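Got your viewer open? Let's take a walk through this one, selecting a few things at a time.

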Amino acid sequence: MPTNSVDTLYTRYNSLNLSGKLPYPIFARAMGGFHAFHFKNNQILTIIDFTKVSTERRCYVIDLKANKLLFESLVAHGKNSGVDYAQTFSNKEHSLMSSPGFYSTAETYLGKHGYSLRLDGLEKGINDHARTRAIVIHGADYVSEKFIRKIGRLGRSWGCPALPSNLNKEIIDYIKNGTCLYIHTNNQSYLAQSPI
């Protein structure tokens with residue numbers, strides 16, 4: 001790696017105006033995985049920050065070629081991962097928990113939640129059962145400011161990173177077909193197992 005790579009990364013972070021939104025160490029880790037794994041489409045990077053409370057926007061879609069933050073969105077976590085925060089994670093079927101780590105986005109389809117995007121987990125033992133668990137990106141009415149005002153928190157999924165219904169299709173069309181998705185947590189078990 002070039003000696004100025006850290007400086008270059010920090011310059012990119014600043015140019016994306018991520019300060020105050022996404023902590024730099026999370027961005028740096030996401031970029032590390034982006035370079036460590038192979039992605040068919042290396043233009044788009046999506047980062048979900050599960051250290052944030054669910055009522056905050058914690059999904060960031062970045063166009064690395066244009067050096068532009070495209071979306072900053074609410075995103076749900078699994079109902080058994082926690083109430084306001086995602087704190088517990090699993091790679092097991094029927095756990096109704098989120099799985100952290102690096103994913104490659106795959107193909108779209110129309111399912112029970114409408115337009116959806118399949119995900120392939122890239123970290124063995126951490127999220128590599130995503131496809132068999134049907135962990136996908138889909139839209140949901142419970143991912144909205146209206147739901148937060150009514151219930152006092154965001155709704156939760158069965159483990160999927162669900163998006164607001166009004167943004168779902170637009171975001172999926174940007175990130176589908178082989179882009180990098182990184183779901184971050186400070187969970188020590190994950191960080192100890194992850195190869196990144």
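Start by selecting Lys-21: does it count as buried, partly exposed or exposed? This is a predicted model, and in it Lys-21 has 27% relative accessibility, so it counts as partly exposed.

Now add Glu-72 to the selection. Its side chain meets that of Lys-21 in a salt bridge, 3.6 Å from N to O. Glu-72 sits in strand E3 (residues 68–73), while Lys-21 is in the loop between helix H1 (5–15) and helix H2 (24–36), so the pair ties together parts that are 51 residues apart in sequence. Glu-72 is partly exposed too, at 27% relative accessibility.

That is one contact from a set: the structure holds six salt bridges. For another, select Glu-107 and Arg-131, where the closest N and O atoms are 3.0 Å apart. Here Glu-107 belongs to strand E4 (residues 101–111) and Arg-131 to the loop between strand E5 (114–121) and strand E6 (136–140), so this salt bridge ties together parts 24 residues apart in sequence. Glu-107 is partly exposed at 32%, and Arg-131 is partly exposed at 36%.

Keep those two on screen and add Arg-118 and Asp-120. Together, Glu-107, Arg-118, Asp-120 and Arg-131 are linked in a network of salt bridges.

For a more local pair, jump to helix H4 (residues 165–175) and pick Asp-173 and Lys-169. They form a salt bridge with the closest N and O atoms 2.7 Å apart. The two are four residues apart in H4, which means about one helical turn separates them. Both are partly exposed: Asp-173 has a relative accessible area of 30%, and Lys-169 has 48%.

Time to switch to cartoon view and color the strands. Eight of them form an open sheet with mixed pairing, in the order E3-E2-E1-E8-E4-E5-E6-E7. E3 and strand E7 (163–164) stand at the edges with a single partner strand each, so one side of each has no neighbour in the sheet. You've already met E3: it is the strand that carries Glu-72.

Zoom in on the E7 edge. E6 and E7 run parallel and are joined by two bridges. To find one of the residue pairs, select Gly-139, whose bridge partner in E7 is Leu-163.

Last stop: show H2 against the sheet. This helix lies across strand E1 (44–49), strand E2 (59–63), E4 and strand E8 (180–184), and runs at about 135° to E1.

Terms used
Residues are numbered from 1 along each chain as its sequence is written. This is a predicted model: local features need pLDDT of at least 70, side-chain atom pairs count only at pLDDT 80 or more; totals for chains, interfaces and linings use all residues. Side-chain values use heavy atoms; hydrogens and water are left out. A salt bridge is a side-chain nitrogen of Lys or Arg within 4 Å of a carboxyl oxygen of Asp or Glu. Buried means under 20% relative accessible area, exposed over 50%, partly exposed in between (1.4 Å probe, protein chains only). Two strands pair if DSSP finds at least two bridges between them. Contact means heavy atoms within 4.5 Å. Axes are lines fitted to C-alpha atoms, for helices over the stretch in contact, and angles run from 0 to 180 degrees between N-to-C directions.
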